[in-house]
Amino acid sequence: MADKRNSVFASIDWFAVFLYIVLVVTGILTIFSSKYSGDATSVLSPGTMSRSQAVYAAISLVVALLILLLEGSWFQRFAYPVYGLTMLMLAAVLVVGDEISGAKSWINLGGFSIQPSEFAKFGTALAVSKYVSTKGFYGQSFMKQLPVFLFILLSIALIMLEPDAGSAIVFLSFIIPLFREGFSLSLVIAILYLIAVSVIALLVDKYIMIAVIFALLLIGYVIFRKNKGILLTIIVIFIVSVGWIFAEQWAFDNILEQHQRNRIMVTLGKIEDNRGVGYNLYQSKIAIGSGHWVGKGFLQGTQTKMDFVPEQHTDFIFCTLAEETGFLGSFLLMAVYFTLLIKLIMMAERQRSPFSRIYGYCVVGILFFHVFINISMTIGLMPVIGIPLPFVSYGGSSLLATTILLFIFIKLDAYRYSILS
Amino acid sequence: MQRITDGGFFMKTDIFQNRKYLIIGFIAICFIVILIRLFTMQVLTTKYINLAKNNAIKNLVVYPARGEMYDRTGKLMVSNNIVYDVLITPKYIDSTFDVIKFCNLINMDTSTFNEKLEKCRRYSRYKASVIATQISKEDFLSTQELLYQFPGIYYVSRTVRQYPFSSGAHILGDVGEVDANFLEKHEDYSLGDYHGVRGLEFTYEKYLKGQKGFRAIIVNSANVEVAPYNDGKDDVEAIQGADMILEIDNDLQCYGEKLMANKRGSIVAIDPNTGGILAMVSAPGFDPNMLVGRERSQNYLKLLHDSVQKPLINRAVSGVYPPGSTFKTFNGLVALQTGVIDEYTQFTCNGPASSPIKCTHNHQTPLSVVPALRESCNPFFRKAFEEIISHYKNPETGLTVWNEFAHKFGFGVKFNTDIFSENPGMIPDTTFYNKWYGKGGWKSSTIRSLSIGQGEIQVTPIQLANLAATIGNEGTYIKPHLVKAIIDHTTNDTIYPYSNEVVTTGIEKRHFDTVKRGMRQMASMTGSRVYLDIPGVEVCGKTGTAQNSGKNHALFISFAPMYNPKIAIAVIVENSGYGATFAVPVAAMMIEHYLNDSIDSSRQWIEKRVLETTTIE
């Protein structure tokens with residue numbers, strides 16, 4: 001134990017670092033392949049995107065090392081200032097940001113650009129962890145809990161102003177650490193129920209659906225009619241469900257943009273338009289589906305190279321990997337992510353400090369949302385939502401910010417013996 | 001080491017510990033769903049493998065033709081010509097590719113071919129790049145069927161501009177390929193697109209460019225077209241850009257260009273009723289067909305580097321000159337309106353002995369404004385101008401009043417209609433003179449050169465033509481513009497961009513009548529009447545000479561007929577000396593040609609003289 005107290009490096013969880021490095025290297029190789037044009041260039045040849053990504057990775061590693069060398073207590077102590085800083089960046093991007101395809105998401109710092117929404121993720125995670133760990137969450141009055149939600153909502157609101165709905169959605173992942181800290185299970189079930197209702201409502205006729213809900217609730221009443229107050233509960237569920245269905249229809253027609261509506265309808269299979277709005281998804285599916293068992297081999301993909309797949313090195317990077325390494329490679333990638341997430345949960349659970357535990361779950365939630373949404377969109381399980389695949393997609397801001405997010409936790413974990421609970 | 005506490009809010013036993021299993025379970029279920037989906041897509045079905053193998057879809061761009069331009073009489077001034085671009089996909093060029101045969105076919109030498117191929121290869125081996133551009137239809141027809149023998153080669157048709165009359169180069173402008181710089185600023189364009197670079201092509205780009213179409217084809221693994229994708233049902237047809245009807249009278253434009261050959265200067269003719277520009281000549285000019293096709297960039301550089309003639313500059317709107325005596329019309333109007341003189345106010349003129357500005361014209365004295373305009377009497381207008389400036393509590397206020405009138409007439413400001421590269425000119429104001437002489441350091445006599453259109457004042461030919469139109473209209477004008485109507489083929493909508501707004505000058509109609517009489521006498525009673533005595537037409541005019549470091553510029557503004565004029569014109573012939581000698585005959589020929597369709601046989605000697613005159617080396 002004495003050793004672990006003395007040396008940062010001895011107490012680091014090297015397995016988590018190893019998984020991180022596996023993902024980053026996979027990313028660089030896949031980026032190289034996705035942009036490979038048959039020339040005799042290598043992964044690190046000047047001018048290639050894989051080289052840029054390798055440079056970003058090197059910068060990220062240096063930053064990771066700095067984080068490991070920092071005083072472990074600082075993260076909790078400076079959680080609010082860091083959060084404030086990332087919120088200032090989000091506000092600044094609205095003013096001085098460069099508008100790229102209709103959204104102000106990037107700040108140009110002369111020579112390189114950064115995407116503040118990526119940095120807001122660990123900023124918000126720090127603030128949420130600090131607040132929940134010092135003020136408590138479970139059993140507290142709503143007014144006491146409110147600031148937690150405000151931290152999250154402020155990030156979402158600022159990012160929606162850019163507007164960048166994809167990045168904003170990731171902030172819903174804070175439900176996972178909050179759930180772990182005692183957020184009502186019934187509420188989570190209610191949220192999942194409403195999400196299910198939303199999806200089904202877009203697929204089937206609303207009135208048939210209302211009839212089915214009515215029938216199911218009637219059956220529920222017959223079964224549980226002995227329970228006290230069941231009638232009121234069922235009436236409330238019915239009214240909320242019907243209200244939700246109509247509210248959703250209204251929001252779908254009035255709040256969403258046409259391209260967002262199209263993406264949702266394509267995902268749900270309500271629009272079959274492989275040349276128009278469904279083109280990206282269709283090409284993405286062809287690339288992934290044509291991978292078969294072991295894929296076409298490194299650099300041998302055809303679909304992702306001839307510009308059939310859009311954003312082949314950023315949000316759709318999984319297409320190249322799946323096309324060239326097949327189901328085997330896809331499975332291994334998913335396995336690495338799954339192992340990393342389970343490893344992080346185990347690490348979070350062994351923390352003595354609630355701050356470190358909550359932060360650990362924030363990391364789990366953010367990474368899980370990224371992976372699940374990103375892969376799901378490429379295979380048509382979800383509408384196209386432009387967020388990167390963590391550690392793998394091309395992009396300096398994303399890689400650097402996600403590295404910081406992860407390594408703060410690795411540092412907190414390495415530091416856990418110094419904390420007296 | 002610092003002790004961190006949990007603040008006492010957390011119970012000794014973490015009661016939600018078991019929720020980690022729910023979270024792990026939830027994540028596991030999500031991952032299993034993804035894996036099942038992947039397994040179905042990648043392993044269980046072969047649909048996607050077949051799609052990838054056989055149904056690679058290639059999107060081809062179908063370029064639209066730009067809108068055409070017609071003159072006011074329906075003559076086609078700008079049309080389109082079909083040419084072909086040949087594209088190459090470097091991946092398919094291997095040892096079996098017969099380079100020599102291919103080069104012979106598209107008329108290119110092999111070293112250029114190899115050089116270009118290398119460039120394309122560097123851009124992308126998989127994407128097609130253009131290797132030969134704008135091959136004419138005639139050259140292409142013979143090679144079209146042979147091109148299919150070459151793997152990795154295909155072509156697209158494009159349209160380029162053609163100018164049947166070779167006229168109006170400065171007005172019409174030109175079309176070029178977009179460059180990296182342009183693309184950075186315009187998201188809706190992509191590499192290989194064309195855009196209007198100058199002139200009307202630039203101003204009306206959004207109407208003229210049309211909409212690109214797309215054609216999807218199925219290509220096999222050798223990149224050869226197999227069939228249209230989905231029977232072409234999803235293809236989008238290209239939509240030609242909107243056509244434009246110009247205010248220009250092509251006949252008059254061509255005639256003006258002919259008259260100005262071998263001279264430096266410009267002509268602007270306006271229809272006073274509509275503000276439509278009938279002709280806008282800038283000499284020396286060039287044939288617009290020079291800036292089309294494969295020689296475009298070479299010719300462009302040649303024109304750009306001609307630093308003596310500067311043919312690319314449109315002198316009619318970018319050239320600035322002191323207006324000289326033509327400005328006496330304006331000064332007369334301001335003097336009448338401000339009440340410092342009336343129609344009968346007389347000033348004396350001592351002829352060549354006048355001081356400080358002498359009069360070179362031999363005429364009656366004292367005289368009032370009408371004869372003063374006829375004789376272009378300098379002392380009269382110097383005194384009238386000084387009266388205007390000193391009429392107010394200080395010269396600043398006087399000059400400001402004068403400035404305001406000048407701006408209302410369109411001097412010192414841009415019209416901002418559809419004219420490319422307009423120069424606002426320069427009307428010196430109080431700030432300008434305060435800077436120059438110091439505040440209070442100047443008075444009416446300091447700036448008296450303005451009275452005869454000399455000094456710091458600078459105007460453009462189009463502003464002078466507009467002055468003539470305004471006098472002809474007796475106080476109002478519609479801003480000069482080039483396009484009468486834009487006709488959109490898809491919606492059948494017709495847009496009239498600039499024909500309605502009437503600008504007023506704030507000077508009463510009766511004063512214009514006075515000035516008109518002066519201008520009519522100038523045209524009918526002085527030496528210039530030899531040129532201006534057009535059969536059946538009452539011409540009004542005013543000559544001017546712009547002092548220049550070299551030989552003076554000759555100026556003339558005019559409108560005709562005197563009442564309800566149909567044409568207003570300004571002519572500048574640079575370095576030709578006195579206004580009446582060179583600018584007047586050019587204007588006279590233009591007016592006669594426009595109003596009478598031909599030059600009277602008794603006057604053809606004038607036309608001949610103008611055509612034979614050369615003022616440039």
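Two strands are taken to pair if DSSP finds at least two bridges between them. By that yardstick, and bearing in mind that this is a predicted model, strand S17 and strand S18 (residues 553-560) of chain B make a pair: 7 bridges join them, and they run antiparallel. To pick out one spot along this pairing, B:Lys542 sits opposite B:Ile557 of S18(B).

Zooming out, these two strands belong to an open sheet of 5 strands in chain B, laid out in the order S12-S11-S19-S18-S17 with antiparallel pairing. The sheet is bounded by strand S12 (276-283) and strand S17 (540-546) of chain B, edge strands that each pair on one side only. On average, and ignoring direction, neighbouring strands here are turned by 10 degrees against each other. As a general point, side chains in a regular strand alternate between the two faces of the sheet.

Two helices of chain B come up against these strands. Helix H10 (residues 250-259) lies across strand S11 (265-271) and S12 of chain B, and runs at about 25 degrees to S12(B). Helix H18 (residues 461-472) of chain B also packs on the sheet, where it touches S11, S18 and strand S19 (567-573) of chain B. The direction of H18(B) makes about 145 degrees with that of S19(B).

Elsewhere in chain B, strand S10 (residues 243-246) has pairings of its own. With strand S2 (residues 69-70) of chain B, S10(B) shares 2 bridges, and the two run parallel; in this pairing B:Met69 stands opposite B:Met244. With strand S14 (residues 483-487) of chain B, S10(B) shares 4 bridges, and this time the strands run antiparallel. Here B:Asp243 faces B:Ile487 of S14(B).

Turning to chain A, the tally is 18 helices and 3 strands. Of its 421 residues, 45% count as buried. Take the contacts in chain A between residues at least 6 apart in sequence: 69% of them join residues at least 24 apart.

A loop residue, A:Val294, gives a local view of this chain. A:Val294 is found between helix H15 (279-289) and helix H16 (317-349) of chain A. It counts as partly exposed because it has 13 C-beta neighbours inside 10 Å, whereas a buried residue would need 20 or more and an exposed one 12 or fewer. Setting aside neighbours within four places in sequence, A:Val294 is in contact with A:Thr325, A:Gly326 and A:Leu328. As for A:Glu323, 29 residues away from A:Val294 along the chain, the C-alpha atoms of the two are separated by 8.8 Å.

Note on methods:
Residues numbered from 1 in each chain as written. Chains lettered and ligands numbered in written order. Predicted model: local features only at pLDDT ≥ 70, side-chain atom pairs only at ≥ 80, totals over all residues. Axes fitted to C-alpha atoms, helices over the stretch in contact; angles between N-to-C directions. Contact = placed C-beta atoms within 7 Å.
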